[in-house]
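Reader: Hey, can you walk me through this one? I'd like to start with a cysteine.

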Amino acid sequence: MKPPRSTDKGVEFRDCGINRPNMVHVYNCHPFASQQIVQVEQEPGLVSCGGGALFVVATGGCKVEAYSLEQEGCPLICRFATMGTVRSIQHSKIGDYLVTTEEKNGAAYLRAYTNWRHQVQENARVGVRLLGHLLGGASVRGGVQMEIIEIPLSERPVAVACCPVTGDLLVGCERALVLFALRRQDQQNLKQINQSQQDLGSPCPNTQQSSSQSQGQTSSSNQNVSFLDFERSVILHLSKFMPKRVALCAGYVAVQAELEVLVLKLDASSEHETMEESPDTYKSADYVEDQTDFLLIQRHQELLGDRAKDCDVPVSIEKTLLEDQRQYTVSYVLFRRFTPEFFQGCSVEETQLHSLQLYPLFTSTQSVSLEKPACVFCFFSLPTAGYLYSLKGGVELLSAYQYPEKVLEAVLTDHLLHVITRSALQCYTVRCAAVAARIEDPYIDTTMKACPPCSLEVCALRMQLFIGLQSVCVYGRHVVLLSSADTETPEETERSTQRRGLSRKWTVSSVKETSAAGHGWNLYVVDTVSPLTLYQEMVEYSQRYVETDPQNRSLRHLLGEAHLLLRASLLQTSGQLQNSEGDPTEPLQTKADRQTDRQELEEAFRQNCAQLGDSFSRGRQKECHLALPYYRMSGLSVTEVMSRNRPLPSSPHSYGPGFLFYLKHYLLEETEQILSQESADEVIDIFSQSEPSELISVCASPCMINVSPARTLQVLQQLEETAGVSVPLTITMAAMTLHMDDLPQYTQLMERHSEMLLVYGFIKEPRLLLHGGGGGQYTCIRPTSLSRQLTKTQPGLLVAAMVALHENNKVQLEQADVIFKGLGCENCLQVDFWEAMVMASSQEAVIQELLFRLASVYIDRLMNSNSDTHPPHTPSKCRSLKSADDLINSCSHYGALYPWLSVLSTAHTSSSQQQEALHKLQALLCGPSLSVGSVMPLLERLSEETLWGFSLHLLCATRRGQYHSSIEKLLDRCPQAIIAYANHQLQDKNMALWWQKLLPELCDRLRAAFDNAILLAALTETLVVVSMETSPAEFLELIPDDGMASYFLPHLLTCSNRHLQA
């Protein structure tokens, strides 16, 4: 099948084998910058890369050559011999070690090579040891000797993988997966281990020899040298599953068979659990092969998340570390099985899976060395299609790649997916950055920020032709390709393919040995361009759509691809900057260059957001809302956005729905950016042509304070003629006349409607009264010019409107306080607002807060109000809207004044304002709602020397039930009020206080001042009440021994008569 040719409109391939439709766009971009040929002496058989190096193993050879990928010409770093024929080689970023599977004399071995960079001389000394036996020779002196670690296995290793996060090693065997944990040992631990080995009497020969040579040579400067080792931690036993390839990343374990992929999550917990295991737990079940002529083909299956446990692949765990107290659990994450499509003429080999990969991605807020990756992706591929899954936060199929021809191998990176066929290197985009962006930033997919969806169709950027490609590997921006000419003739290839296609048995294809009569080979290093350069080419490529059809779907798709490319680059540079901060050895110039690169990426990102905003601003109604977050992320001012969205000459009065959506949200939000008169007038023109119904909200925006009032008034009058009279429109017109200083017309407009209708108008558009309430910051909220005018002319309307706004959740209590302070009315209208809120609010917490504030204000007025300290006009200016009587009659929280308070209030206070404050405070204390305990600290500031001050303290004492002390104080300060006090307070359960407290107190005081007429009158009234409430015997007991019988006998007689009549 020939590759598709890219056109201006793009080419699309549909994927018919996945759960949802997916298309592949093709754009003729150039992701590859240059290529060079690596000069190797022998034909490469295996190629791998990592750690800035390219590792080459000659065909059938036992030697590894390492070349530098980060230097021009790829010079040789080192070469070293292996102990067997290398069948696979992997590099681990963590620990910088190599792991190989080798074969010698028919036996398979697993070995790890550490300190390989120091093997500059091929015949240099090498240390060989078993797993867990650390050497003590040159490695101890400085870590400059390469070590080969022999890792014993009970089964033949089939595949190996290194974790890019922890450096752990996963080995796939025929029926099991063995996990080795990477360990670092320092010199102190090394000495302890060597000592324990010597005590056991079984030292390794290499250990003895190295130790004898290194005694006394370990300097203090090398005390911090660490050495790598592995510990076998867990074995996962698999039945009915033959691993062909494995992958490991941050606890995720992926294993691939011929047509099946299984992903597991291995978790370790510190909780001790007792696990009962049967003797046959670790015995794997063998396949029961059908000996008949029938071939059983299982159906296609995809199980995600919790459903993956329903697959027929049982997994059991075996712990191998005795000192490890952790408990391991395995959860199923993903299972997918494919069915070969023999009807298409494909052979078994052409339907086998390959290129299994687990790929981690860190967000910009994470430290790569300390935290788990925010995202983990799983990629695997058939020869005809590739599949990319996201594993963390819910398993999801991100992309399905439909290849135009048979793919041999694929490699996933941050930015791109590289795949090879026999004749070409192809490059596809990936969706990893879209997932990471949503994990990193919770504001993605809101009106604040946006990102292209994870389901965005992928695209192919380039198809670079080669001859006889065999393998591919990637390190950074370096793509390494191994090519070798095919020695088979086309006729032989076709016959071989037909024979394999007719086979009924599923067999594993053996590695084809290169013929001695081959036509040649090459090892290429293809460098990709920088993401910024590729982004710039995408932008240039998109201009052809802008010129022909701005609404072309491919334009938006290409801009989305560029956006994700920049996001992935920003994530990568963030990790590099974080790592460089903790590396004191890195040159300052390198750090400065990285900082410059990030700034250039951020600038390109803002440009891309602006371009996406332009695309969505004129887009369809369904997607027009995305113009708002993209324009926000672009950093453009509203004036700049307006200049980018002026109508086209073909439709001079047409504005895109996305642009109008952006403009409305910008004007509805509280921002410090104020438009100039020219821009504000243009906004009025835009909405008068497109959405006249939004003119009221537009005029009320704080951004529009510079708008031309006369011109805007004409537009509003035209709106009134077409749409009719409305209260918000009338208030808006009045605000414009106020800006014009036309007070007569302002008054005429405000008198059109009643005060209640005007309040409803302010509820519909609160920004006519205040600006800044939407932001939630009390310091930013401020009153409008209309609010200032209402303060002078209609303060009652202002207070009523603020109460209505609060009750309708349009403004908070603290915000209202800021408004009144901004108006300079914190001592008058603000208190009126609190009093009105007490009457209107139904929230108990708000009521208690306001009652305390009001009590505090009344006390301050009683203490500080002095006619000599204020100008003559101040009292009239700050006169309350509600008097004490109004509050008592209309608000249940203000109680009627107790009768005895009128006796104590005979003395006049210094001013009418103080008199009003006294009555309101007394009414609050007489009411049922105010907590007396909360205001007692405030009342302590009031002296009891004045009669009104004494009345307040007496009120509090009475409310707290202190009747005994209250009676004594009242008899001392104002005995003429005692009967009124007793008649109101000493009732019901307190009635006994008449004869238990009041009568003895009066008698005691009369002994000292018998001629006191006030006390005698009080005694007479008291005896009348006592005679009505007690029996004759009780009354007789109350008569004092030294009392005059002639004074008490009439009341005793009255008591006896009442008792006889009863």
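Author: Sure, and keep in mind that the model is predicted. Take C62: with a relative accessible area of 35%, C62 is partly exposed.

Reader: And C311, is that buried or exposed?

Author: C311 counts as buried, because its relative accessibility is 8% and buried means under 20%.

Reader: What's a disulfide again?

Author: A disulfide is a covalent bond that links the sulfur atoms of two cysteines.

Reader: So how many disulfides does the count give?

Author: The count is zero disulfides. The rule asks for a pair of cysteine sulfur atoms within 2.5 Å.

Reader: OK, new topic. How many helices and strands are there in the chain?

Author: The protein chain has 34 helices and 35 strands. Of its 1062 residues, 52% are buried.

Reader: Can you show me a sheet? What's the strand order?

Author: One open sheet has four strands in the order β4-β5-β6-β7, and the pairing is antiparallel. At the edges sit β4 (44-50) and β7 (76-81), each pairing on one side only. On average, neighbouring strands of this sheet are turned by 20 degrees against each other, direction ignored.

Reader: How many bridges join β4 to β5?

Author: Six bridges join β4 to β5, which covers residues 53-58. For G50, the bridge partner in β5 is A53.

Reader: Last thing, what about the surface of the whole chain?

Author: Its accessible surface comes to about 50,000 Å², and 50% of that belongs to carbon and sulfur atoms. As for contacts with a separation of 6 or more in the protein chain, 67% are between residues 24 or more positions apart.

Methods. Residues numbered from 1 in each chain as written. Predicted model: local features only at pLDDT ≥ 70, side-chain atom pairs only at ≥ 80, totals over all residues. Heavy atoms only, no water. Pairing = 2+ DSSP bridges. Helix = DSSP H or I, 4+ residues; strand = E, 2+ residues; numbered from the N terminus. Axes fitted to C-alpha atoms, helices over the stretch in contact; angles between N-to-C directions. Buried < 20%, exposed > 50% of the residue type's maximum accessible area, 1.4 Å probe, protein only. Contact = heavy atoms within 4.5 Å. Areas by Shrake-Rupley, 256 points an atom, 1.4 Å probe, with all protein chains shown as cover.
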